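Here's a quick tour of the fold, element by element. Have the structure open and follow along.

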Amino acid sequence: MRNFITQSVTLPAPADILYKMYVNSELHAAITGGQAEVHAEPGGNFTAFDGTLTGTILHVVKSKLIVQTWRSASFKENDPDTTLILNFSTIGGKGRIDMVHLDVPAHGYNRIKDGWHTFYWQPWRDCIGKS
């Protein structure tokens, strides 16, 4: 059976700003507190948290959608890369991100599920508040 995580978050900035924050290396690093490098075109590399997360951008629709492979340094060697889908929309001036994270390894499922809140959603909210 495939493991997946679905989460939605509403943040106090429109979707186009949230999208830019994710795909801009410096802004991504400001959210996470670790070095990031994001090349937001199909085939582009993705790293975050000083290289402990890696992946490849598979598909983008500017300001609306990012599909990428995603791999944590904590994955076992035989764990396949996961697939991350981020859908960005604006509702009433606030941005909403609907996330689907596919094929998350069972051994890291709860840590990754909770990690989205701890290492992305709340820091992202805090980063917007500092702007």
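Let's begin with helix H3, where the buried residues are Ile112, Gly115, Trp116, Tyr120, Trp121, Pro123, Trp124, Cys127 and Ile128. Keep in mind that this is a predicted model. H3 covers residues 109-130, so to speak the whole run of 22 residues, and spans 31 Å from its first C-alpha to its last, close to the 32 Å expected at 1.5 Å a residue. There's also a kink of about 40° in H3, and Gly115 sits at its centre. Gly115 is on the list of buried residues too.

Now for the sheet. It's an open one with 7 strands, in the order S1-S7-S6-S5-S4-S3-S2, and the pairing is antiparallel. Strands S1 (4-11) and S2 (37-38) are at the edges with a single partner strand each, so one side of each has no neighbour in the sheet. H3 packs on this sheet, touching S1, S3 (45-48), S4 (53-61), S5 (65-72), S6 and S7. The direction of H3 makes about 15° with that of S1.

Strand S7 is worth a closer look. S7 pairs with S6 and with S1, as set out here:

| Strand pair | Sense | Bridges |
|---|---|---|
| S6 (residues 82-91) and S7 (residues 94-102) | antiparallel | 9 bridges |
| S1 and S7 | antiparallel | 8 bridges |

If you want to check the register by eye, Ile85 stands opposite Val100 in S7, and Thr83 stands opposite Leu102. On the S1 side, Thr10 has Arg96 of S7 as its bridge partner. The hairpin of S6 and S7 has 2 residues between the strands, and Gly92 there takes a positive phi near 60°.

Which residues make up the covered face of S7, and which the uncovered one? Gly95, Ile97, Met99 and His101 are on the covered face, while Lys94, Arg96, Asp98, Val100 and Leu102 are on the uncovered one. That fits a general pattern: in a regular strand the side chains alternate between the two faces of the sheet. Val100 and Leu102, met above as partners in the register, belong to the uncovered face.

Finally, there's helix H2 (residues 25-32), with His28, Ala29, Ile31 and Thr32 buried. Looking down the axis of H2, these buried residues fall within an arc of 155°, so they line one face of the helix. What covers them includes helix H1 (15-23), S2, S3 and H3. H3 therefore turns up twice in this tour, among the elements covering the buried residues of H2 and packed on the sheet.

Definitions and conventions
Residues are numbered from 1 along each chain as its sequence is written. This is a predicted model: local features need pLDDT of at least 70, side-chain atom pairs count only at pLDDT 80 or more; totals for chains, interfaces and linings use all residues. Side-chain values use heavy atoms; hydrogens and water are left out. Helices (H or I, at least four residues) and strands (E, at least two) are DSSP runs, numbered from the N terminus. The expected span of a helix is 1.5 Å times one less than its number of residues. The bend at a residue is the angle between axes fitted to the seven residues ending there and the seven starting there. Buried means under 20% relative accessible area, exposed over 50%, partly exposed in between (1.4 Å probe, protein chains only). Two strands pair if DSSP finds at least two bridges between them. Contact means heavy atoms within 4.5 Å. Axes are lines fitted to C-alpha atoms, for helices over the stretch in contact, and angles run from 0 to 180 degrees between N-to-C directions. The arc is that of the directions from the helix axis to the C-beta atoms.
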